[in-house]
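Please find below my notes on this model, set out as numbered points for your reading beside the coordinates.

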Number of protein chains: 2
Amino acid sequence: MTASVSVVEPDITKLLDHLARQPALARRLGGARDQWSAREIGDGNVNLVFAVHGPAGAVCVKQAPPYVRAAGPSWPLTPQRVLFEHRALVEHRRHAGPYVPEPLHVDPKEHLLTVEYLEGHTVMRGGLTAGACYPHFAGQVARYLARTLFFTSDLALPAGRKRELVSLFEANTAMCQIMEDMVFTEVFLPHPRNRWTSPELDEDVERLQRDTELKLAVSRLKQRYLTSRDALLHGDLHTGSIMVSEDSLGVIDQEFACYGPMGFDLGTLLAHLLIAYFAAGARGPDRAGQQGWLLSTVEQVWDGFRTHFTELWRHHADGDGYPPALFTGAATAALEAERQRYLDELFTETLGFCGAEIIRRVVGFARPADFTTVTDPAHRAAAERRSLALARALTAAPTAYRSAADLTAAARNS
Amino acid sequence: MTASVSVVEPDITKLLDHLARQPALARRLGGARDQWSAREIGDGNVNLVFAVHGPAGAVCVKQAPPYVRAAGPSWPLTPQRVLFEHRALVEHRRHAGPYVPEPLHVDPKEHLLTVEYLEGHTVMRGGLTAGACYPHFAGQVARYLARTLFFTSDLALPAGRKRELVSLFEANTAMCQIMEDMVFTEVFLPHPRNRWTSPELDEDVERLQRDTELKLAVSRLKQRYLTSRDALLHGDLHTGSIMVSEDSLGVIDQEFACYGPMGFDLGTLLAHLLIAYFAAGARGPDRAGQQGWLLSTVEQVWDGFRTHFTELWRHHADGDGYPPALFTGAATAALEAERQRYLDELFTETLGFCGAEIIRRVVGFARPADFTTVTDPAHRAAAERRSLALARALTAAPTAYRSAADLTAAARNS
């Protein structure tokens, strides 16, 4: 989707007025108000985003209009979403500080959220589309995922504190509803919001919408999304929600944050790495190196996550889940085996969500730039068809894959 | 536990003053305040309960002291629990009216909850201990369970409404903590609150606390209790929470209500029917008839629940889970198969929770009158040992049982 909302001068004036009223923000920018400049930098589907520079520094301001930015006022959406984004930033930064920008201010009336400006970072999806590789990415994002998911789960938190957090995010229903509809439902029905490479994929889409086994598998995943309160999720962890530089990473756009199944965040990220892989294939043979890097990144993200998460569980099990006092002496080995069983199950869940995310990005409303910038429809359709084939297999039969290496082998053969 | 809290006259005076201040309650009692009489009728572990009679009618008033009634002030507990009980009564009565007493008034400052007085009903556990059978019970409680669990789940509710309800009950942390500690943790450790028939069961308890496989299975169930938000549970559905007459049933004591796994309510109820079965065996051969009735009740409760729940899902699937629009035409048969798969999984989960509940009632703080009124320790220990053997098998290997008939066969052979 290309944004169709134009930013007019009065918006910028209002924005600078807002910053001038907050002494801490004004100090960060430095100088006088007329030395500040703002420009719209957002390319997401949901909000407007401004970079504001002053003589001493910069901040990033998100403005949530009362509708979906990519659709315009015909699709209303509560601007309260910035409050949930702010809460999620606070909570995740507590555990994964280096990878989460600092929230500086939130204004619940004007629906403005000001966060640290990530100097020298670009949106990862843009970099990937242009052919870039990020050698430090896998290690950093694996750590981010392990720490945000573990430390907000019952493995780390006393139940009372965890229930309090669940309750805080439970009210983010409007944003969750978007996922419930767009990931798990609309693409499997004829729906006016769906779009795909047509006529090339018309038959594929028809077959998808008749695929009862797949629709049951997706409905089971939706049920997990609706009923599981495992950890505080980012909720929309694609490569457009990640800012990268050569050696660092900042995860942004937490407005879909909610308690849910860990596999949802993990699967979404792997889905977008695989989408980038298939899209790179459509751009020609000079992308072979990037393709190799993308698949090794898929493996390193999962394997790194698994290693970090296991380590955290071994050494920071301060929650009410699996009380360590029950597993002392000889029983510690059994608990370690249980950790590995837990992570095997999480891998299966992750693959299911990964497939569902790929499908909705080929057939649904929010198609990613990785595909839409492939201008030749035949090449694009071929890449999308390979994505769909892998996705269908992952979601309908996830237990066929025992490791991240199995997953990347399947991607290569798809 | 026998209650150790004495009720003094000033409490009664305060109670009647409270009722006199509520015009609707005063009207229901009729006459003048000095024509009203109150007596303590509670035998639960948690609250004080009074029946108040007037010339025109009666009401039941629950008072939540700021501690656990059965333990006294040394075990503090938030009196806010009456608010959650009130909310759960309202919500469950909406769906299972005939089986849930009408909530009449709640006072959040004095922590008093007034509900419909169930004329002619007795606490089911007392009746069972005395040898009674209730031929209508299974059909009624199966309906109660199917309707309260289905209509508060994502199968029946739009996600926004369901998330709102989850949030309402998430704050009932103090009561949930009791379950988290007492059902899933304390009995598997040497803990000062544990008690059992000693010395007869000393070795059994020691073996239990060394049983790593069992402790892992119980920890998995605890994880389900901590992370699942499937339906609004009663939260403590034993036979002491059920009032019965010859032909009707009222479920009371909803102060442990929370969103959780459906198998927790189902398993708790089956556990107490099985406890009654084993305890009846310890009372002598004249209880053979009641024992037969109890096991056929176990089968009818599960089978009836399964039938009702399936019917509700077929005809009232108004929620966001398993969108019916995805399964039309030939796919309706696949959806029906999925319903049966869902219920098979729920049966497995139910057996796991059933076993955990039996174990904590033999070894934990809150031992039921079914056992404690068997005065001969050898007979009591024998019945408790049979219960533990069945419970261990149910929790550690629940998939060995495919039907309620398998379960009752195992109880007979235990």
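**Notes on helix packing, cysteines and annotation**

1. In this predicted model, helix 5 of chain B crosses helix 11 of chain B in a right-handed sense, meaning that the near helix is turned clockwise from the far one by less than a right angle. Helix 5 comprises residues 137-151 and helix 11 residues 288-315, and the two pack at an angle of about 35 degrees with their axes 8 Å apart. Helices here are DSSP runs of H or I with at least four residues, numbered from the N terminus, and axes are lines fitted to C-alpha atoms over the stretch in contact, with angles from 0 to 180 degrees between N-to-C directions.

2. The residues of this contact (heavy atoms within 4.5 Å) divide into 15 nonpolar, five polar and two charged, where Ala, Val, Leu, Ile, Met, Phe, Trp, Tyr, Cys and Pro count as nonpolar, Asp, Glu, Lys and Arg as charged, and the others, Gly among them, as polar.

3. No disulfide (a pair of cysteine sulfur atoms within 2.5 Å) is found over all chains. The sulfur of B:Cys176 lies 3.7 Å from its closest cysteine sulfur, in B:Cys258, which is too far for a bond, and for B:Cys354 the closest is also in B:Cys258, at 18 Å.

4. B:Cys176 is buried (under 20% relative accessible area, 1.4 Å probe, protein chains only), with a value of 0%, and B:Cys354 is likewise buried at 0%.

5. Residues are numbered from 1 along each chain as its sequence is written, and chains are lettered from A and ligands numbered from 1 in the order written. Local features need pLDDT of at least 70 and side-chain atom pairs pLDDT 80 or more, while totals for chains, interfaces and linings use all residues, and side-chain values use heavy atoms, leaving out hydrogens and water.

Note on methods. Buried < 20%, exposed > 50% of the residue type's maximum accessible area, 1.4 Å probe, protein only.
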